[in-house]
Amino acid sequence: QKQLVESGGGLVQPGGSLRLSCAASLISFSVCTMAWYRQVPGKQRELVARITNGGTTNYGDSVKGRFTISRYNAKNTVYLQMNNLKPEDTAVYYCNAVFVEYNYWGQGTQVTVSS
């Protein structure tokens, strides 16, 4: 129950910054690949950023250079630092954890970028 819990979403003006957090209650968090996805109504969920257990990262093309994913294994937490936000970044952001047969999703946190 509630293995992944996102927080940090909200309303921000274009050009602003926001940091999302995902707190994991997973025993094996340190070996999971963690990722942030986002979704808007009527559209497919898309990968925003991913970080492996070894720290390798990759990003969706639309957020490269603006977003940074990181993890604190000691706190079982993954972060998404979002800078220079654009209106098209508006979406529900979901935390994802994958390890072997496990595939967990958080409940999502709303990010709205608007002036």
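This tour moves through a predicted model, with a selection to make at each stop.

**First stop: the cysteines**

Select C22 and C95. A disulfide joins the two, with an S to S distance of 2.1 Å, and a search of the whole structure finds 1 such link. Viewed along the bond, the link of C22 and C95 is left-handed, with -85° about the S-S bond. C22 belongs to strand β3 (residues 18-24) and C95 to strand β9 (residues 91-99), so the disulfide ties together parts that are 73 residues apart in sequence. C22 counts as buried, at 0% relative accessibility, and C95 is likewise buried at 0%.

Add C32 to the selection. Why does C32 form no bond with C95? The closest cysteine sulfur to that of C32 is in C95, and the distance of 9.8 Å is too far for a bond. C32 is buried as well, with a relative accessible area of 6%.

**Second stop: E6**

Keep C95 in view and select E6, which lies in strand β1 (residues 4-7). E6 is buried yet has no salt bridge. The nearest side chain of opposite charge belongs to R45, 7.4 Å away. Which backbone atoms, then, should be displayed around E6? A polar atom of the E6 side chain lies 2.7 Å from the backbone nitrogen of C95, and the E6 side chain also reaches the backbone nitrogen of Q107 at 3.0 Å. Beyond its neighbours within four places in sequence, E6 is in contact with several residues, including C22, W36, Y94 and G106.

**Third stop: the salt-bridge network**

Side chains of opposite charge can pair when their charged atoms come close. The structure holds 4 salt bridges. Select R38, E46, R66 and D89, which are linked in a network of salt bridges.

Begin with R38 and E46, whose side chains meet at 2.7 Å, N to O. R38 is buried, with a relative accessible area of 5%, whereas E46 is partly exposed at 35%.

Turn next to R38 and D89, which meet in a salt bridge at 2.9 Å, N to O. This pair links distant parts of the chain: R38 is in strand β4 (residues 33-39) and D89 in the loop between β8 (77-82) and β9, 51 residues apart.

Finish with R66 and D89, joined by a salt bridge of 2.7 Å, N to O. R66 lies in the loop between β6 (57-59) and β7 (67-72) and D89 in the loop between β8 and β9, so the pair ties together parts 23 residues apart in sequence. R66 counts as buried at 9% relative accessibility, and D89 is buried with a relative accessible area of 0%.

Notes:
Residues numbered from 1 in each chain as written. Predicted model: local features only at pLDDT ≥ 70, side-chain atom pairs only at ≥ 80, totals over all residues. Heavy atoms only, no water. Disulfide = S-S within 2.5 Å. Helix = DSSP H or I, 4+ residues; strand = E, 2+ residues; numbered from the N terminus. Buried < 20%, exposed > 50% of the residue type's maximum accessible area, 1.4 Å probe, protein only. Lys, Arg positive; Asp, Glu negative; His and termini not counted. Polar contact = N/O pair within 3.5 Å; in protein donor to acceptor, adjacent residues only side chain to side chain. Contact = heavy atoms within 4.5 Å.
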